[in-house]
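Here is a short briefing on one structure. Please look over the fold before reading the points below.

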Amino acid sequence: LGIMYFKGLGVSRDLVQAHMWLNLAGARSAKARRARDIVARRMSEEEIARAQSLARGQARFSLQAVEK
């Protein structure tokens, strides 16, 4: 999903969403972390902060779903 948002493949190009999904994938993949860092170079500090906040929220939501 991160690459799709970064390149606008089937979705509107959105660097914040790209960073968020690559950040989540980066927990398990060095390749995703490298891609996230490439995306981050094109973002403002505010956009990165928003993406990180969204990733934390998504991670919490996923954990709650697993615990149910």
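Is R36 buried or exposed? R36 is buried, with a relative accessible area of 17%. Buried means under 20% relative accessible area, exposed means over 50%, and partly exposed lies in between (1.4 Å probe, protein chains only).

This is a predicted model: local features need pLDDT of at least 70, side-chain atom pairs count only at pLDDT 80 or more, and totals for chains, interfaces and linings use all residues. Residues are numbered from 1 along each chain as its sequence is written, and side-chain values use heavy atoms, with hydrogens and water left out.

**Overall fold**

- The protein has four helices and zero strands. Helices (H or I, at least four residues) and strands (E, at least two) are DSSP runs, numbered from the N terminus.
- Along the sequence the pattern reads α-α-α-α.
- Of the 68 residues in the protein, 26% are buried.
- Contact means heavy atoms within 4.5 Å. Among contacts with a separation of 6 or more, 46% join residues 24 or more positions apart.
- The exposed area is about 4,900 Å², and carbon and sulfur atoms supply 52% of it. Accessible areas come from the Shrake-Rupley method with a 1.4 Å probe; for residues, only the protein chains shown count as cover.

**Nonpolar core**

- The largest nonpolar core has 12 residues: F6, L15, V16, A18, L22, A32, A35, V39, A40, M43, I48 and A51.
- Helices α2, α3 (30-40) and α4 (45-67) are the elements that give two or more residues to this core.
- A nonpolar core is a set of buried Ala, Val, Leu, Ile, Met, Phe, Trp, Tyr and Cys residues joined through side-chain atoms within 4.5 Å.
- In soluble globular proteins, nonpolar side chains tend to be buried together.
- Core residue I48 touches H19, A40 and M43, not counting residues up to four places away in sequence.

**Helix α3 and its faces**

- The buried residues in α3 are A32, A35, R36, V39 and A40.
- Seen down the axis of α3, these buried residues fall within an arc of 140°, so they line one face of the helix. The arc is that of the directions from the helix axis to the C-beta atoms.
- Exposed residues K31 and R34 sit on the face turned away from the buried side of α3.

**R36 and the salt bridge**

- R36 belongs to helix α3. Leaving aside neighbours within four places in sequence, R36 contacts H19, L22 and N23.
- A search of the whole structure finds one salt bridge. A salt bridge is a side-chain nitrogen of Lys or Arg within 4 Å of a carboxyl oxygen of Asp or Glu.
- R36 forms a salt bridge with D37, with the closest N and O atoms 3.2 Å apart.
- D37 is partly exposed, at 35% relative accessibility.

**H19 and E47**

- H19 lies in helix α2. H19 is buried, with a relative accessible area of 3%.
- Leaving aside neighbours within four places in sequence, H19 is in contact with R36, V39, A40, M43, I48, A51 and Q52.
- E47 is found in helix α4 and is partly exposed, with a relative accessible area of 26%.
- E47 and H19 are 28 residues apart along the chain, and their C-alpha atoms are separated by 9.1 Å.
- Outside its neighbours within four places in sequence, E47 is in contact with V16 and R42.

**Other pairs across the chain**

- A25 is in helix α2 (residues 15-25). A25 is partly exposed, with a relative accessible area of 36%.
- A25 and G2 are 23 residues apart in sequence and 8.5 Å apart in space, C-alpha to C-alpha.
- S53 is in helix α4 and is partly exposed at 39% relative accessibility.
- The C-alpha atoms of S53 and M20 are separated by 8.3 Å, with their places 33 residues apart along the chain counted as the gap.

**Surface patch**

- L1, I3, M4 and L9 make a nonpolar surface patch of about 360 Å².
- Patches are made of residues with over 30% relative accessible area and no salt bridge: like charges are joined within 9 Å, nonpolar side chains (Val, Leu, Ile, Met, Phe, Trp, Tyr) within 5 Å.
- L9 lies in the loop between α1 (2-7) and α2. L9 is partly exposed, with a relative accessible area of 45%.
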